[in-house]
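Here is a short report on one protein model. Look over the sequence and the structure first, then read on.

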Amino acid sequence: VSKIFSAGLDITEMSGKSNEHYAAFWRAVQEMWLKLYGSNMVTIAAINGSSPAGGCLMALCCDYRIMADNPKFAIGLNETQLGIVAPFWFKDTMINTIGNRATELSLQLGQMYPAPEALKFGLVDKLVPEDKVQSAAAAAMSQWLSVPDHARQLTKSMMRKPAIDRLVKQREADINNFVSFISKDSIQKSLQIYMDRLKQKK
Ligand SMILES: CCCCCCC/C=C/C(=O)SCCNC(=O)CCNC(=O)[C@H](O)C(C)(C)COP(=O)(O)OP(=O)(O)OC[C@H]1O[C@@H](n2cnc3c(N)ncnc32)[C@H](O)[C@@H]1OP(=O)(O)O
């Protein structure tokens, strides 16, 4: 039985809908990223299964990532495999975690990394046995919370603010870009083929 941390964005929200729907959907995705990546709280991802695309993004928004040590679980920004393109703020989040070259490889190929490889790439910070993910996350949380809060928060903001400001400045343009991209017939076709393939795998 496969285990999933997050299956990413709901593909059905990006297929066969109106442009108004796509715009509202994308605004909500932006909002999620702005809140999570910009949070001044300590955030630890306890990754207990696979985590493609939007799921990987959520994990990358956290301060620290602990993943179950199971090579069947994979994580990555696999958008190109769906025929879609990770937007610049997905890319920035990944660059801030694993660097430019690893991000370029990862994004162009739409790579999903099995847990041991994800650790090697720095996409996750630690692997632990499956039944220890929650307790390891709680231990990491205690360590992070032991740092004086104001100093940790200012440091976090210093590291992340440029990426956040970039999206804030271009929010409407990013929504328009998403709507015009996702509503193209060719992109709708790619998503449909991907969903059909998922169903055939059963
Ligand atoms: C400028 C343009 C910018 C565009 C940017 C867009 C950014 C997009 C980000 C995303 O997150 S796209 C979504 C990426 N997600 C995936 O690729 C995951 C696809 N799913 C899988 O690989 C597998 O389903 C799974 C998550 C590993 C689970 O596998 P399992 O074998 O346990 O279950 P399945 O039988 O495959 O799935 C059950 C059921 O769920 C449906 N489903 C799975 N994932 C999604 C999804 N992301 N959205 C909607 N529906 C999904 C799947 O089709 C099955 O449906 P039914 O057949 O039961 O109806």
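**A small sheet**

In β4, G76 is the bridge partner of P52. This pairing belongs to a predicted model. β2 and β4 (residues 74-76) run parallel and share 2 bridges. They are part of an open sheet of 3 strands, in the order β2-β4-β5. The pairing in this sheet is mixed. Which strands form the edges? They are β2 and β5 (113-114), and each pairs on one side only. Strands of a sheet pair through backbone hydrogen bonds, in a parallel or an antiparallel way.

**How confident is the predictor?**

The chain has an average pLDDT of 97. Of the residues, 99% score at least 70. For the complex, the predictor gives an ipTM of 0.96 and a pTM of 0.96. Low pLDDT would be a warning not to read the predicted coordinates in detail.

**Strand β1 and its partner**

Now turn to β1, residues 44-47. Are its faces covered or open? Both are covered. I44 and A46 are buried on one side, and A45 and I47 are buried on the other. β1 pairs with β3 (residues 64-68) in the parallel sense, over 4 bridges. One residue of this strand can be followed across: the bridge partner of I47 in β3 is M67.

**An unusual backbone angle**

Next comes a loop. A53 sits between β2 (51-52) and α2 (54-60). The phi of A53 is near 45 degrees, a positive value in a residue that is not glycine. Most residues other than glycine have a negative phi. Is A53 buried or exposed? A53 has a relative accessible area of 14%, so it counts as buried, the cut-off being under 20%.

**Aromatic rings**

The structure holds 9 aromatic pairs. Such a pair is described by the distance of the ring centres and the angle of the planes. W26 and F90 form a stacked pair, 6.2 Å centre to centre, with 15 degrees between the planes. This pair links distant parts of the chain. W26 is in helix α1 (residues 19-37) and F90 is in helix α3, 64 residues apart. Both rings belong to buried residues: W26 has a relative accessible area of 4%, and F90 has 2%.

W33 and W89 make a tilted pair. Their centres are 5.4 Å apart, and the planes meet at 55 degrees. Why does this pair tie together separate parts of the sequence? Because W33 lies in helix α1 and W89 in helix α3, the pair joins parts that are 56 residues apart in sequence. W33 is buried, at 0% relative accessibility. W89 is also buried, at 0%.

These residues belong to one aromatic cluster. Its members are F25, W26, W33, Y37, W89, F90 and F178.

**Two pockets**

Rolling a probe the size of a water molecule over the atoms shows where empty space is left. The largest pocket has about 960 Å³ of space. It is lined by 39 residues, and those closest to its centre are A7, P52, N78, L82 and Y194. P52 has appeared before, as the bridge partner of G76 in β4. Which helix gives the most to this lining? It is α8, with 5 residues. α3 (88-98), α8 (171-182) and α9 (185-200) each supply at least two lining residues.

The second largest pocket has a volume of about 330 Å³. It has 16 lining residues, and C62, D63, N96, M159 and R160 lie nearest its centre. Here α7 gives the most, with 5 residues. α3 and α7 (149-169) each supply at least two residues of this lining. Thus α3 contributes to the lining of the largest pocket and to that of the second largest pocket.

The table sets out what kinds of residue line each pocket.

| Pocket | Volume | Nonpolar | Polar | Charged |
|---|---|---|---|---|
| Largest pocket | about 960 Å³ | 24 residues | 9 residues | 6 residues |
| Second largest pocket | about 330 Å³ | 5 residues | 5 residues | 6 residues |

Read each row across. In the largest pocket, the lining includes 24 nonpolar residues. In the second largest pocket, the lining holds 5 nonpolar, 5 polar and 6 charged residues.

Definitions and conventions: Residues are numbered from 1 along each chain as its sequence is written. This is a predicted model: local features need pLDDT of at least 70, side-chain atom pairs count only at pLDDT 80 or more; totals for chains, interfaces and linings use all residues. Side-chain values use heavy atoms; hydrogens and water are left out. Buried means under 20% relative accessible area, exposed over 50%, partly exposed in between (1.4 Å probe, protein chains only). Two strands pair if DSSP finds at least two bridges between them. On a 1 Å grid over the protein atoms alone, a cavity is a set of points where a 1.4 Å probe fits but cannot get out, and a pocket is an open set with protein on both sides within 12 Å along at least five of seven lines; lining residues have an atom within 4 Å of a point. Grid points are joined across faces, edges and corners, and a volume is the space filled by probe spheres set on the points. Ala, Val, Leu, Ile, Met, Phe, Trp, Tyr, Cys and Pro count as nonpolar, Asp, Glu, Lys and Arg as charged, and the others, Gly among them, as polar. pLDDT is the predictor's confidence in each residue, from 0 to 100. Rings of Phe, Tyr and Trp (its six-membered ring) pair if their centres lie within 6.5 Å; planes under 30 degrees apart count as stacked, over 60 as edge-to-face and the rest as tilted.
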